[in-house]
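Grab a coffee and try these short exercises on charged pairs and cysteines. Each one comes with a worked solution.

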Amino acid sequence: MGNIYVCDVNNSRVQKFPRGSTSATNGITIAGGNGCGSAANQFCQPFGFFEDASGNTYVSDFNNNRVLKFPPGSNSFTKSETIAGGNGQGNAANQLYGPIGLFIDGYGYLYVADYENNRIQKFPPNSDSTTNGVTVAGGNGQGSAPDQLHWPEGIYVDRNGNIYISDHLNNRIQKWTQVPAGIKDVSIEETISLYPNPNNG
C-alpha cells in the first residue's frame, strides 16, 4: 500500500515508486517503456492510470485511442489486452479519440474520459476492442451547456453511480447522475416500459 504510480507520458511508460520514495528513489517500469508505438507492450503518450482490487492495471493510451489492461506483476515485457477502443480515431461506439481519465467501478464497469469526443464512455466487464461503449455523460458536442463537456480529463464514480468529471476548458467539476435507459418521470396512472426488454435483450 502507498505505492506511487506515474504516467510518464513522453517516455511512454508507467513507473511505480515505493511508499516513502524521494527524488533519489528509482522507479520500476510496470508497463510500456519500449518506445512510442502501438504494439501490445507499447504506448504513445499514456495519460490515465487505474489499478483495481485484484492488481490489474489499466492505462489510457492517448495517441493510440485505446485503453489497455495489464495483469498483476507486469513489467516492460508484459503484453496487454485492449479493452476499449483501438479501432482508430473516431466517435463510433467502439472508438475513442484521445482517452485520458479512467475509473473501474465496483461492478467492473470501465469509465473513460474520451477527451476529444467530449464525452464519458462506459464499457462492460470483460470488454475488448470490439465492444461498444455507452455514452453516459456529454456526447452533445463541445460546449458549456449542462449537458456538454469541453475536454473532460479526470473521472470518479461513487457507490451510488454518480459520475464526477473535471471539465478542463470549462473550468468546472460536473456531477452527472446515471438514469436507466427507458425510464422517465411518471404519475401513478401511467404505464412505462423498460428497455432493453429482459425477455429478448
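**Exercise 1.** Work out whether Asp 61 and Arg 66 are buried or exposed, and what their side chains do together.

*Solution.* Keep in mind that you're looking at a predicted model. Step one: check the burial, and you'll find that both Asp 61 and Arg 66 are buried. Step two: look at the side chains of Asp 61 and Arg 66, which meet in a salt bridge at 2.7 Å, N to O.

**Exercise 2.** Decide how Arg 119 and Asp 114 should be classed, buried or exposed.

*Solution.* Start with the contact: the side chains of Arg 119 and Asp 114 form a salt bridge, 2.7 Å from N to O. Next, the cut-off for buried is under 20% relative accessible area. Arg 119 has 7%, so it counts as buried. Asp 114 comes in at 0%, so it is buried too.

**Exercise 3.** Find what links Asp 8 to Arg 13, and class Arg 13 by its accessible area.

*Solution.* The side chains of Asp 8 and Arg 13 make a salt bridge, with N to O at 2.7 Å. Arg 13 has a relative accessible area of 26%, which falls between the 20% and 50% cut-offs, so call it partly exposed. For the tally, the structure has four salt bridges.

**Exercise 4.** Show that Cys 36 and Cys 44 form a disulfide, and give its handedness.

*Solution.* The sulfur atoms of Cys 36 and Cys 44 sit 2.0 Å apart, and the cut-off is within 2.5 Å, so the pair qualifies as a disulfide. The count is one disulfide. Now the twist: the S-S bond of Cys 36 and Cys 44 has -70° about it, and the link is left-handed. Finally, Cys 44 is buried, at 15% relative accessible area.

Methods: Residues numbered from 1 in each chain as written. Predicted model: local features only at pLDDT ≥ 70, side-chain atom pairs only at ≥ 80, totals over all residues. Heavy atoms only, no water. Buried < 20%, exposed > 50% of the residue type's maximum accessible area, 1.4 Å probe, protein only.
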